[in-house]
Amino acid sequence: MFDDFFIRALIAGIGIAIVTGPLGCLVIWRRLSYFGDTLSHSALLGVTLAYAFSINISLSVFIISGIVALTLLSLQKRTKLAGDSLLGLLAHSTLAIGLVLIGFLSSIRFDLMGLLFGDILAVTIEDIFIIWFGGLIILGILYYIWKSIFAATVNYDLAAAEGMKPDVSNFIFTLLLVGVIAISLKMIGALLITGLLLIPAATARSLSNNPFQMVILSILIGIVSVMIGLFSSLEFNTASGPSIIVAGLVLFILSLIPFKRSSALQR
């Protein structure tokens with residue numbers, strides 16, 4: 001039998017994989033991988049402020065990452081810089097500010113490696129509740145806006161003409177990304193969250209024939225990655241978060257083995 005901490009890690013990891021699956025597909029379809037990376041980098045600043053002011057980490061990360069997302073939208077309108085330049089500026093700036101603040105808070109003990117790369121084996125019952133309850137809310141909202149956000153992904157102008165309010169859906173989708181980063185930071189780490197969003201979805205894209213199939217496969221591949229990563233972490237005494245990402249990478253490489261398929265998603 002496995003110890004309680006391992007069972008908790010499995011439950012938490014599976015919950016995260018279920019949420020990151022459909023969101024990851026949208027991130028890939030909409031080419032927002034760098035945007036997700038920027039939000040995850042800003043999460044470290046949120047964690048630092050949570051420790052400094054003794055507030056809930058997930059709430060602090062959600063607030064800071066949300067501010068960063070809104071700042072990006074504002075800068076896109078106020079400057080002539082390209083989107084990728086703004087993303088790079090915000091990603092590295094928020095990460096650096098977070099690390100500098102950690103240096104000032106010498107009276108508070110930080111597990112920096114845990115913040116950057118996660119420690120899913122240290123999850124508590126409270127963490128599991130946050131993941132599953134928050135995840136269900138995120139999935140419920142995503143289901144509600146799915147038609148609009150998917151239509152805007154395919155053809156923004158057509159979605160607007162049909163009265164689907166793609167701008168509102170895009171804003172809500174941004175907040176959902178912020179939310180999934182906030183609930184999964186402790187388990188996967190600030191530098192690896194984007195990997196769990198992207199790698200299962202990228203693997204599913206190689207194997208699927210339609211969007212619905214890609215979403216389902218992305219969830220299943222994410223769950224398998226979590227399970228393989230956790231078992232290998234326990235067996236070989238490696239870091240749990242990176243082990244999950246490596247497991248996902250192996251599955252992605254295996255998905256590239258040539259076989260006959262016809263994918264509507266390939267471009």
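1. The largest pocket of this predicted model encloses about 380 Å³ of space. Its lining is made up of 16 residues. Those lying nearest the centre of the pocket are Leu 32, Leu 73, Gln 76, Asn 170 and Thr 174.

2. Four helices each supply at least two residues of the lining of the largest pocket: H2 (33-53), H3 (57-78), H4 (83-104) and H8 (166-188). The greatest contribution to this lining comes from H8, with five residues.

3. In character, the lining of the largest pocket divides into nine nonpolar, four polar and three charged residues.

4. Five aromatic pairs are present in the structure. One of them joins Trp 29 and Trp 146 in an edge-to-face arrangement, with 6.2 Å from centre to centre and 70° between the planes. The angle of 70° is classed as edge-to-face because it is over 60 degrees. This pair connects distant parts of the chain, as Trp 29 belongs to helix H1 (residues 4-29) and Trp 146 to helix H6 (residues 125-154), with 117 residues separating the two.

5. The two partners of this pair should be described separately as regards accessibility. Trp 29 has a relative accessible area of 7% and is therefore buried, the limit being under 20%. Trp 146, at 25% relative accessibility, counts as partly exposed, because this value falls between the limits of 20% and 50%. Together with Phe 150, Trp 29 and Trp 146 form one aromatic cluster.

6. Two backbone positions also merit comment. Most residues other than glycine have a negative phi. Ser 54, although not a glycine, has a positive phi of about 55°. Ser 54 is located in the loop between H2 and H3. Its relative accessibility is 68%, so Ser 54 counts as exposed. Both of the helices that flank this loop, H2 and H3, supply residues to the lining of the largest pocket.

7. The second position is Asn 237, a residue other than glycine whose phi is positive and near 55°. Asn 237 is found in the loop between helix H10 (211-236) and helix H11 (240-255). With a relative accessible area of 72%, Asn 237 is exposed, because the class begins over 50%.

Methods
Residues numbered from 1 in each chain as written. Predicted model: local features only at pLDDT ≥ 70, side-chain atom pairs only at ≥ 80, totals over all residues. Heavy atoms only, no water. 1 Å grid on protein atoms, 1.4 Å probe; cavity = no way out; pocket = protein on both sides within 12 Å on 5 of 7 lines; lining within 4 Å. Points joined across faces, edges and corners; volume = space filled by probe spheres on them. Nonpolar A, V, L, I, M, F, W, Y, C, P; charged D, E, K, R; others polar. Phe/Tyr/Trp six-rings, centres within 6.5 Å; stacked < 30°, edge-to-face > 60°. Buried < 20%, exposed > 50% of the residue type's maximum accessible area, 1.4 Å probe, protein only.
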